[in-house]
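Trainee: Could you take me through the place where the ligand sits, and then the other hollows around it? I would like one careful, connected look rather than a quick list.

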Amino acid sequence: MSDDSRPLPTPTRTAAVIPAAGRGVRLGPGAPKALRTLGGTPMLIHAVRALAASRAVSLVVVVAPPDGTAEVKSLLDAHALPDRTDFLVVPGGDSRQESVKLGLDALPPGHDIVLVHDAARPLVPVDTVDAVIEAVRDGAPAVVPALPLADTVKEVEPAVTTADPEPVVATPERARLRAVQTPQGFDRATLIRAHESVTENVTDDASMVEQLGLTVVVVPGHEEAFKVTRPLDLVLAEAVLARRRLNDGY
Ligand code: CTP
Ligand code: MG
């Protein structure tokens, strides 16, 4: 049969880029945020393990603080990580966007799906990672995990100084809003095109794909995928780890 000569379809391989090059200004003075510990383990290692826990992820690219690549490499060497996963470390840039771009530039060929995951979301459950990958495999060029909002959101005219009250411009209907998390998942070629063509500053990768006019879809996020941003988030992260240890004990 002529079909016999056709190459077998190659399975989709997934790589994860983890931007971890930020200082963590809002967390206060100290080591770069990704290197701070939670339950005695650096936040970055938690994040790497969370992504490598997905059997689909065969490569993790860590984008390290520019002066911290050697330290990040030795942290990866010092902590147990799955054998099936390869790791790369590259230095980051001045903005998250730049850091992600530097991570994408380091990707070897052969991975059709790329996840971008904040090191600052160390506790994302593997089911959320797998749900994002699954939705990209099903054909979406860009996928974001997200949750409904608890708070009502107001759009304001931002004040010049913090002392001034800010006039409210609009109140978007809360039921239509979602708080977006990571990992965000992409068809690799789409994400690379987005990073090459969108130049203005954005706070997430999916919005660059939106600017290309492509559809971005949302899958359910998870409350444990919250971003460690302010000191109180460290308290919450430690509590989540303590709860996991307790549950694992039974
Ligand atoms: N990030 C990065 N390179 C930068 C800035 C941010 O790789 N130049 C990464 C952070 O390390 C983090 C993720 O992007 O994992 C999300 O950014 P954010 O939570 O804002 O972290 P920081 O920028 O470090 O924190 P802050 O804004 O409070 O300084
Ligand atoms: Mg930041």
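Mentor: Happy to. Let's begin with the space itself: ligand 1 occupies the largest pocket. Keep in mind as we go that this is a predicted model. The volume of that largest pocket is about 740 Å³, and 28 residues form its lining. If you want to find the middle of it on your screen, look for Arg26, Lys33, Arg96, Asp118 and Lys227, the lining residues that lie nearest its centre. Sorted by class, the lining of the largest pocket holds ten nonpolar, nine polar and nine charged residues.

Now let's narrow the view to the ligand's own surroundings. Ligand 1 has 18 residues around it, and the closest of them are Pro19, Ala21, Val25, Ser99 and Lys227. Lys227 is worth keeping selected, since it appears here among the closest residues to the ligand and also among those nearest the centre of the largest pocket. The shell around ligand 1 breaks down into six nonpolar, five polar and seven charged residues.

Which backbone atoms come up to the ligand's oxygen atoms? At Pro19, a backbone N or O atom sits 2.8 Å from an oxygen atom of ligand 1. Arg23 also brings a backbone N or O atom to an oxygen atom of the ligand, at 3.3 Å. For Ala119, a polar backbone atom is 3.2 Å from an oxygen atom of ligand 1. As for cover, ligand 1 on its own has 560 Å² of accessible area, and the protein covers 87% of it.

Next, the second largest pocket, with a volume of about 390 Å³. Its lining has 16 residues, and those nearest its centre are Arg121, Ala179, Val180, Phe226 and Lys227. So there is Lys227 again, this time near the middle of the second largest pocket. Two elements, β10 (178-180) and α7 (231-248), each give at least two residues to this lining, with β10 providing the largest share, three residues. By class, the second largest pocket is lined by six nonpolar, three polar and seven charged residues.

While you have β10 in view, follow the chain into the loop between β10 and β11 (184-187), where you will find Pro183. The peptide bond that joins Thr182 and Pro183 is cis, with omega at about 10°.

One more hollow remains. Rolling a probe the size of a water molecule over the atoms shows where empty space is left. Here the count comes to one cavity of 30 Å³ or more, and the largest cavity has about 30 Å³ of space. Arg96, Gln97, Val202, Thr203, Asp204, Asp205 and Met208 line it, which by class makes two nonpolar, two polar and three charged residues. Arg96 is a handy landmark to finish on: it is in the lining of the largest cavity, and it is also one of the residues nearest the centre of the largest pocket.

Terms used. Residues numbered from 1 in each chain as written. Chains lettered and ligands numbered in written order. Predicted model: local features only at pLDDT ≥ 70, side-chain atom pairs only at ≥ 80, totals over all residues. Heavy atoms only, no water. Near = heavy atom within 4 Å. Polar contact = N/O pair within 3.5 Å; in protein donor to acceptor, adjacent residues only side chain to side chain. Areas by Shrake-Rupley, 256 points an atom, 1.4 Å probe, with all protein chains shown as cover. 1 Å grid on protein atoms, 1.4 Å probe; cavity = no way out; pocket = protein on both sides within 12 Å on 5 of 7 lines; lining within 4 Å. Sits in = over half its atoms within 2 Å of the grid points. Nonpolar A, V, L, I, M, F, W, Y, C, P; charged D, E, K, R; others polar. Points joined across faces, edges and corners; volume = space filled by probe spheres on them. Helix = DSSP H or I, 4+ residues; strand = E, 2+ residues; numbered from the N terminus.
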